[in-house]
There are 2 protein chains.
Amino acid sequence: MERPERYHHGNLRQALLDAAEEVLIDGGIEALSWREIARRAGVSPGAPYHHFADKAALLTALAQQHLAELDHRFREVCTTHPEPHEQLRALGMVYVAYALEHPAAFRLMFRPEMGSPFGGASAETPVFGVLLQVVRACRAGATGDPAETERVACAAWGLVHGLAALLLDGPLAALATDRERVRALVATSTDRFNVDA
Amino acid sequence: MERPERYHHGNLRQALLDAAEEVLIDGGIEALSWREIARRAGVSPGAPYHHFADKAALLTALAQQHLAELDHRFREVCTTHPEPHEQLRALGMVYVAYALEHPAAFRLMFRPEMGSPFGGASAETPVFGVLLQVVRACRAGATGDPAETERVACAAWGLVHGLAALLLDGPLAALATDRERVRALVATSTDRFNVDA
């Protein structure tokens, strides 16, 4: 697939990232070679080295890009939904939808050899930082300890992360293409999870 | 590592599975070669072919073995805990503990190229079948529809599966070695999830 038009804008780096994501979707991480990435981006096999030191650097950049995009969507949810419990419910939907929309990138973020592109679970980390803020807002009236609030945020993350993983690569895969059933499953899950103190 | 004593009992098949799990733990699936498996089991490189047609067959057998063991532990929980809500709480602990105890096998069960060794999510499937039965017992008095009961069971699975995945290969990995924090996180998660109608 030749896409020479992209490089008129000097956007080879992005084209390489897009090509890598395509290769991951089609053949998984085992199929990922410089040759194949360059072929899909329509450039010479040596071209990727101008932008990435090695495959690990390219994969890290791809994971970071998706993390930033998911963080952006999380922040959008908070501006479009005024009430924190509604925000939390919407975040769950966005998280699972993102995983199903970008399966290769989502798997990549959680590959054992990738380390954690999230960089931990604190108020400063992308995606989780937003979740923690929303859980805190839900529990604003609570006199509970901050450790419990953090556990609740981790549990809320676990809930939707587990659904995403089971739908993507687990025994719930047969459900994943049925939008309405996925919505109902995520809604049941978040509605039944009590964040309050 | 030579373990000739094992084969006096004709247990080469099990020795090969154990060796494969060791290779997975040390080097991940990329390091898995017949040569390395045979070396660790202390047999000739051709020996594995007497038991497994190919690597995929060996990995499937390994996943099935762990699935059977996890199913066994789930059933044990149900005999040692009489009350269904207590059973559910204990199942969550067992699930996360098993993932942390057998990280390579747990990852293997959910690798996209493995298909689903669970074989779906129904009353007949191992592990999930036990979970569904316990969720039904928790909701015994409920007049809710069976589809909601199934969603609740899937959500309960998602909850602990997500925690296991985030602890194993995600941003919660730093917590995974702290038994007490893991226990507290799983307890918070399951206590806050309402299975009842």
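## Where α4(B) meets α6(B)

In this predicted model, Pro84(B), His85(B), Gln87(B), Leu88(B) and Leu91(B) of α4(B) meet a set of residues in α6(B), namely Leu131(B), Val134(B), Val135(B), Ala137(B) and Cys138(B). By class, this contact is made up of eight nonpolar and two polar residues, with no charged residues.

How do the helices themselves lie? Helix α4 of chain B covers residues 84-101 and helix α6 of chain B covers residues 128-138; their axes come within 8 Å and cross at roughly 145°. The crossing of α4(B) past α6(B) is left-handed.

## A close look at Ala165(B)

Let's move along chain B to helix α7, residues 146-169, where Ala165(B) is found. Is Ala165(B) buried or exposed? Ala165(B) counts as buried because 24 other C-beta atoms lie within 10 Å, and the cut-off for a buried residue is 20 or more.

Which residues does Ala165(B) touch, leaving aside those up to four places away in sequence? From chain A come Phe110(A), His161(A), Gly162(A) and Ala165(A), while Gly170(B) comes from chain B. For a sense of distance within chain B, take Val130(B): it sits 35 residues from Ala165(B) along the chain, and the C-alpha atoms of the two are separated by 21 Å.

## The side of chain B that touches chain A

Ala165(B), with its contacts to residues of chain A, leads us nicely to the interface as a whole. Here 39 residues of chain B are in contact with 39 residues of chain A. On the chain B side, the elements giving two or more residues are α7 and α8 of chain B, the latter spanning 179-191. The most comes from α7(B), which gives 15 residues.

What is the make-up of this side by class? The side of chain B that touches chain A has 21 nonpolar residues, alongside eleven polar and seven charged ones.

## Chain A as a whole

Turning to chain A, its secondary structure consists of eight helices and zero strands. Read from the N terminus, the order of elements is therefore simple to write down: α-α-α-α-α-α-α-α.

The C-alpha atoms of chain A fill a box of roughly 60 × 35 × 30 Å along the principal axes. Chain A has 197 residues, and 38% of them count as buried. As for contacts in chain A with a separation of 6 or more, 62% are between residues 24 or more positions apart.

Note on methods: Residues numbered from 1 in each chain as written. Chains lettered and ligands numbered in written order. Predicted model: local features only at pLDDT ≥ 70, side-chain atom pairs only at ≥ 80, totals over all residues. Helix = DSSP H or I, 4+ residues; strand = E, 2+ residues; numbered from the N terminus. Buried ≥ 20, exposed ≤ 12 C-beta atoms within 10 Å, placed from the backbone. Contact = placed C-beta atoms within 7 Å. Nonpolar A, V, L, I, M, F, W, Y, C, P; charged D, E, K, R; others polar. Axes fitted to C-alpha atoms, helices over the stretch in contact; angles between N-to-C directions. Left-handed = near helix turned anticlockwise from the far one by under 90°.
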